[in-house]
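Let's take a friendly tour of the empty spaces in a protein, and of some helices that pass one another. Have the structure open while you read.

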Amino acid sequence: MENEDQLTTLRLLLCPNETITPDSPEYRPLVQTWASQKQMNPRLLVRPTSIESLSKAIAYLYSSSLDFAIYGHGFMSASARDVLVNTSSFDDFHLDRHSELVTIGAGQTWAEVYRKLQEAAPDYGIVGARTPCVGVAGTIISGGFSWLSSEYGCISDPANMLDMKVVKYDGSIVWASREPELLWALRGGGGGFGVVVQVVLRVFLYPQNIWAGPILIPREQLHQVAEGIASLVSKPVDPKITMFLYVVKKRLLESIGTDSDMLVIHAFDAHGEAHGRASFRWALDIAGVVDQTRVTTLAGVADLQNKVHIAKGSMKQFWAPLLLRELSKETIIKAIQWSEDIQHLDESLADCTYLIFEILSSRDPAGSMSSCAWPRPPGGKHILLLGTGCPSGDGPDKEKLARDLAIEAASKILGADAEVHYLPNGFEDFHDPKKIWGPHFEKLRVLRRRYDPHGRFKAAVDV
C-alpha cells in the first residue's frame with residue numbers, strides 16, 4: 001500500500017500528460033527494452049516535459065522506496081518494477097555556427113540529431129552514434145563510437161563532448177563543467193551520476209559526398225575477404241576510411257536472387273566515390289560481388305542502419321562487445337565460424353546472434369588517456385560486437401544457453417589466454433567492471449557515492 005500512495009503522490013507532483021500508465025497506447029514503445037528479458041513492465045511511466053518537472057520527479061523518487069530507472073533507447077535500455085523515467089521530451093537543438101557548438105536535448109535519438117543538423121547546417125558533421133535509433137545520453141555515458149571515431153575519437157572524448165546539464169539525485173540542476181569530476185565521470189563512466197538533459201557537442205565542416213554502403217560477397221569467399229581486410233589494416237589507413245563486416249543469411253537476401261549466405265562489407269570513405277572505389281578495390285574485385293554502395297551525406301550513412309530498431313524487444317539478448325588492438329585473418333575466420341557453429345547448435349539461437357566487426361572504428365583520445373572515465377586500452381582500433389540471444393518466448397534453458405555463449409565468446413574466438421577488453425556500451429552483469437574501468441574503477445566508486453549516496457540509480461559501477 002505504501003508504494004501505491006507514493007505513486008499517487010508522484011502523479012500529483014506532475015502534470016497529467018507527464019505520466020503514462022500501462023493501459024495507454026503510448027506506454028509500450030516508451031518502455032521497450034532492447035533485450036526482452038530485462039523488461040520489468042513498470043507500473044508507471046514518467047515523461048517530464050520540462051526540467052522543473054524532471055527535477056521534482058527525481059528528487060521525490062530518490063527519497064521514496066519506489067524502484068525506478070532512467071530509460072535509454074540503446075542496448076543497455078533499463079527497466080524498473082515501479083517507475084521508469086523517459087526523457088524523450090528533451091529534444092531541443094541549438095546550433096551556434098560562430099563557436100561551432102551544438103546544444104541538444106539528451107533524450108532524443110541520434111537519428112533526430114543527424115536530421116536536425118542536416119537541416120540547420122548541411123555542410124557540417126558531428127561525432128555521433130553509428131546506430132541512429134540509440135539515444136544521445138546513454139551513448140555518451142558508455143563511451144560512444146561513431147563513423148568518425150577513427151578520425152575524432154569517442155563521442156565522450158573532451159574534444160567532442162564539452163558539457164552536460166544534469167539533474168542530480170536531490171533535484172538540483174548543474175552544468176557538469178562546474179563540477180569537473182562529474183564531467184569526467186560522465187565521459188564513459190557507465191552512468192549513475194544523475195539524469196542528463198542537455199549535451200554540448202562540437203560540430204565541424206565535413207565532406208557530404210561520402211561513398212558508403214554494402215558490398216555483398218558470397219560466404220565461400222571468406223578467406224579472401226579476411227585476407228584483404230587483414231592486409232588493409234596491417235598498414236596505416238586514412239582516418240576517413242572505415243567499414244563493418246558481418247554475415248547476412250540467404251533467406252534475407254531473396255530479393256537480390258542470392259542462393260547463399262553473404263558476407264557484407266559496409267564501406268565508408270569520406271573522400272568520395274573515386275577514392276572509395278580505389279580503397280576498396282580488393283573487395284569489389286572478388287568474384288560474385290553485389291555492389292550496393294552509393295554517394296550520400298553523413299545523415300544518409302546513419303540512415304543505412306535505420307531498421308536496426310525493429311529488433312528491439314524481439315529477443316532475449318546478451319552482449320560481449322570487444323575492443324581489439326589488432327585484427328588478423330585468423331580472428332576474422334574464427335569469429336565467423338563461431339557464429340556458424342551456433343547455427344549448427346540451435347537455429348533459433350543463431351537467428352538471434354549478432355556478429356559485427358567494426359573495423360578502423362576507434363583511436364586513442366587526444367591528450368591523456370585519463371581524460372575520460374573509461375580508460376580504453378591504448379592502441380584500440382577495431383570493435384568486435386558479439387551478441388547472443390534467443391526468441392523472447394523461449395524458456396530458461398535456452399536463455400541460459402544464450403547467456404553462456406556470450407560469456408564464452410571472447411575466449412572461443414581470441415583464445416583462452418588472450419587479453420580481453422569489453423566495451424562499456426554492452427555491459428552485462430557477467431562482466432567485471434573492475435576490468436572494464438581498470439585504474440579508474442575506484443575513483444568512479446568514490447564519485448558514485450558522492451552523486452548517488454544511497455545507491456538508488458542503476459549503473460554499471462556499484463556504489
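## A pocket between two domains

In this predicted model, the second largest pocket takes lining residues from both domain 1 (1-86) and domain 2 (93-206 + 443-451), so the pocket lies between these two domains. The space in this pocket comes to about 260 Å³.

Which residues line the second largest pocket? Try finding them in your viewer: Pro29, Leu30, Gln32, Tyr71, His73, Asn86, Ser88, Thr109, Ala111, Cys133, His309 and Lys312. Sorted by class, the lining of the second largest pocket holds five nonpolar residues, six polar ones and one charged one.

## A cavity between two domains

How do we look for empty space at all? Rolling a probe the size of a water molecule over the atoms shows where such space is left. When the whole structure is searched, one cavity of 30 Å³ or more turns up. The volume of the largest cavity is about 70 Å³.

The residues lining the largest cavity are Tyr114, Leu117, Gln118, Pro122, Tyr124, Gly125, Ile126, Gln208, Thr297, Leu298 and Ala299. Helix H4 (110-120), strand E7 (124-126) and helix H11 (298-303) are the elements that each supply two or more residues to this lining.

Where does the largest cavity lie? Domain 2 (93-206 + 443-451) and domain 3 (210-430) both contribute to its lining, so the largest cavity sits between them. By class, there are seven nonpolar and four polar residues in the lining of the largest cavity, and no charged ones.

## Two helix pairs

Now let's turn to the helices. Helix H1 (residues 2-13) and helix H3 (residues 51-63) have axes that come within 10 Å and cross at roughly 165 degrees. Since angles over 145 degrees count as roughly antiparallel, H1 is roughly antiparallel to H3. The crossing of H1 and H3 is right-handed.

Next, look for helix H12 (residues 329-345) and helix H14 (residues 396-414). Their axes come within 10 Å and cross at roughly 150 degrees. What does that angle make H12 relative to H14, roughly parallel or roughly antiparallel? The angle makes H12 roughly antiparallel to H14. As for handedness, H12 and H14 cross in a right-handed way.

Technical notes
Residues numbered from 1 in each chain as written. Predicted model: local features only at pLDDT ≥ 70, side-chain atom pairs only at ≥ 80, totals over all residues. Heavy atoms only, no water. 1 Å grid on protein atoms, 1.4 Å probe; cavity = no way out; pocket = protein on both sides within 12 Å on 5 of 7 lines; lining within 4 Å. Points joined across faces, edges and corners; volume = space filled by probe spheres on them. Nonpolar A, V, L, I, M, F, W, Y, C, P; charged D, E, K, R; others polar. Domains from an automatic or database assignment. Axes fitted to C-alpha atoms, helices over the stretch in contact; angles between N-to-C directions. Helix = DSSP H or I, 4+ residues; strand = E, 2+ residues; numbered from the N terminus. Parallel < 35°, antiparallel > 145°, perpendicular 65-115°, else oblique. Left-handed = near helix turned anticlockwise from the far one by under 90°.
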